[in-house]
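Please open the model in your viewer, show it as a cartoon, and keep the selection tool at hand. The tour goes from one selection to the next and says what is to be found at each stop.

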Amino acid sequence: MRISTCKLVDATGAAILARGTADVSGEVTIDSRTVGEGSVFVAFAGERVDGNAYVRSAIEAGAALVVASAEVSEADLKAARGRGCWVVRAEGDDCEEWMLRAAALWRRMHPEWVVVGVTGSVGKTTTKDMLRCGISSQRRTHATVGNFNNLIGLPLTVLSAPEDSEVLVCELGMNHPHEIDRLAAACQPTLAVITNVGTSHIGLLGSRENIARAKAEVVGGLVDHGELRRTLTLTSANDFTPFIADSFARPAGVDVLMAGSRAEDDVRAADVTLSAEGCATLTASCSDGWSREVTLSVPGRQVVPDFLLALSVIWRLGLDRDLACEAIERMPATHMRLDVQMAPSGARVIDDSYNAAPNSMAASLDVLAQMACSGRRIAVLGEMGELGADEGRLHGYVGAYAAAKGLDLLVFIGHELAGQMAEAARTVGQSEDALEVFPDVASAAATLGPILSEGDLVLVKASRAAGLDGFVKEVLAQ
């Protein structure tokens with residue numbers, strides 16, 4: 001990032017504590033260990049680590065600008081002046097807002113960028129990765145890394161975009177109302193995708209309608225890009241799609257594209273089949289007559305809508321859809337998201353431990369049931385977070401759904417909610433001989449790891465906080 005530090009400070013409303021001479025010519029970082037010459041260090045006062053304790057080390061590492069969220073000692077200010085480093089204090093000590101303002105400035109300075117915003121309850125990262133692969137086959141593309149999609153991650157994505165980028169693909173996540181408002185205002189997308197409206201964060205937002213309203217906030221941040229009109233793509237199968245399209249997008253003058261399996265959808269999938277490895281082959285088509293057969297590399301029928309959403313954006317951008325599809329077909333699985341790995345025992349582990357919601361749990365169990373398997377099919381499921389007052393009922397649904405799959409072994413890890421999944425599984429007929437409950441990852445790995453054998457297929461899935469990635473690491477190391 002190359003920008004006048006004075007211009008950046010003025011645009012973000014920070015109070016100047018030490019006026020420097022250096023201009024920004026490096027990355028924006030929240031980790032003092034990655035500060036280099038010309039960097040911007042933003043000192044978040046985190047729960048576990050207080051970035052303000054590392055102001056001096058950032059100055060000494062060559063930072064051009066340090067953004068503090070607490071008082072800075074006179075000694076540190078003196079050191080900054082001696083090195084030409086600017087030191088400012090974020091307005092209201094709110095480093096999130098400072099970064100959003102900085103990202104908005106950097107975005108305004110690059111009106112030539114076309115920005116694509118991706119949000120939704122599940123499928124955001126897969127859709128974003130498909131967009132990155134497809135678009136980058138023809139355009140210089142910068143995309144969200146991992147799941148850097150919140151009020152810190154989105155600004156970092158925008159601020160790290162190379163100046164010669166042509167398309168930015170930004171994942172927009174949220175936990176509360178008005179967060180997507182702020183994210184979209186910072187990155188100003190022209191094209192947006194809402195993957196679906198599920199139950200993720202229902203404990204924080206109260207209802208699926210409130211989730212839909214929060215996702216629809218992306219509409220307010222859309223901007224035209226020359227002749228490329230503001231466009232929102234939705235899945236026709238989701239029950240909240242008409243609500244978002246008719247209450248938010250169309251009244252705002254935003255074009256709406258539909259993706260699904262209906263004859264009237266703009267982008268369609270037909271003749272979907274699954275291989276022995278659970279990967280979908282389908283005939284994809286668009287309403288302008290284009291059509292081709294596509295075989296996806298990421299397992300599961302649930303990624304087909306994600307692919308159609310990505311294809312709709314690629315089409316809207318005017319890119320060669322055949323080249324884009326070829327790139328997407330070669331796309332590897334994202335780490336910890338339906339990532340199939342081989343254990344030393346010969347068992348295959350489907351690592352989907354990054355996150356979970358009831359609908360994504362069901363989709364992953366479908367993958368487990370559909371993939372070819374010469375040994376035992378085993379599901380290792382942990383608890384899901386942020387489900388609020390409905391958490392018991394929703395965990396019960398997952399337990400019952402898992403039991404209905406007829407698996408050889410069903411394993412739940414956790415405490416009360418894991419117990420509720422197990423009880424629901426018993427209620428619908430899961431045999432006690434094929435059901436295990438463990439209080440923690442360590443005990444589960446110690447018991448299950450040694451009994452896995454060649455041909456077994458093991459799904460591992462839970463919310464990130466459950467720590468089931470630790471189970472995967474243990475099993476792959478045995």
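What follows is a walk through two sheets, some of the helices that go with them, and a few aromatic rings.

This is a predicted model, in which local features need pLDDT of at least 70 and side-chain atom pairs count only at pLDDT 80 or more, while totals for chains, interfaces and linings use all residues. Residues are numbered from 1 along each chain as its sequence is written, and side-chain values use heavy atoms, with hydrogens and water left out.

**Stop 1: the five-stranded sheet**

Select strand β2 (residues 15–18) and strand β7 (residues 86–89), which run antiparallel and are joined by three bridges; helices (H or I, at least four residues) and strands (E, at least two) are DSSP runs, numbered from the N terminus. They belong to an open sheet of five strands with mixed pairing, in the order β2-β7-β6-β5-β4, where two strands pair if DSSP finds at least two bridges between them. The edge strands, each pairing on one side only, are β2 and β4 (28–29).

Now pick V88 in β7, which has I16 standing opposite and also V67. Strand β6 (residues 65–68) runs parallel to β7, with four bridges joining the two. If you add helix α3 (residues 74–83) to the selection, you have a right-handed β-α-β unit made of β6, α3 and β7; right-handed here says that, with the strands pointing away from the viewer, the path from the first strand over the helix to the second runs clockwise.

Continue to strand β5 (residues 40–42), which is parallel to β6 and joined to it by three bridges, with V66 in β6 as the bridge partner of F41. Helix α4 (residues 95–108) packs on this sheet and touches β4, β5 and β6, its direction making about 145° with that of β5; contact means heavy atoms within 4.5 Å. Helix α1 (residues 5–12) lies across β2, β5, β6 and β7 and runs at about 5° to β7, where axes are lines fitted to C-alpha atoms, for helices over the stretch in contact, and angles run from 0 to 180 degrees between N-to-C directions.

**Stop 2: the nine-stranded sheet**

Select next the open sheet of nine strands, whose order is β9-β10-β8-β11-β12-β13-β14-β15-β16 and whose pairing is mixed. Its edge strands are β9 (141–143) and β16 (291–299), each of which pairs on one side only, and the twist averages 20° from one strand to the next.

Is strand β8 (residues 114–119) mostly covered or mostly uncovered? It is mostly covered, since six of its six residues are buried, buried being under 20% relative accessible area, exposed over 50% and partly exposed in between (1.4 Å probe, protein chains only). With side chains shown, V114, V116 and V118 point one way from β8, and V115, G117 and T119 point the other way. Five bridges pair β8 with strand β10 (residues 167–171) in the parallel sense, and L168 in β10 is the bridge partner of V115. Strand β11 (residues 191–194) also runs parallel to β8, over four bridges, and there V116 has L191 as its bridge partner.

Then move to strand β15 (residues 279–286), which is antiparallel to β16 and joined to it by six bridges; T281 stands opposite T295 in β16. Helix α12 (residues 321–329) lies across β15 and β16 and runs at about 20° to β16.

**Stop 3: helix α7**

In helix α7 (residues 179–187), select the buried residues E179, I180, L183, A184, A186 and C187. They lie on the same side of α7 because they cover an arc of only 160° around the axis, the arc being that of the directions from the helix axis to the C-beta atoms. These buried residues pack against α4, β8, α6 (153–159), β10 and α9 (208–215). Just after α7 comes Q188, whose phi is positive, near 50°.

**Stop 4: aromatic rings**

How many aromatic pairs does the structure hold? There are three, where rings of Phe, Tyr and Trp (its six-membered ring) pair if their centres lie within 6.5 Å, and planes under 30 degrees apart count as stacked, over 60 as edge-to-face and the rest as tilted. One of them is the edge-to-face pair of W106 and W113, with 6.5 Å centre to centre and 70° between the planes. W106 is buried at a relative accessible area of 0%, and W113 also counts as buried, at 0% relative accessibility.

Finally, select F243 and F248, an edge-to-face pair with 5.5 Å centre to centre and 85° between the planes. F248 is partly exposed, with a relative accessible area of 22%. Adding F240 to the selection shows the cluster into which ring pairs link F240, F243 and F248.
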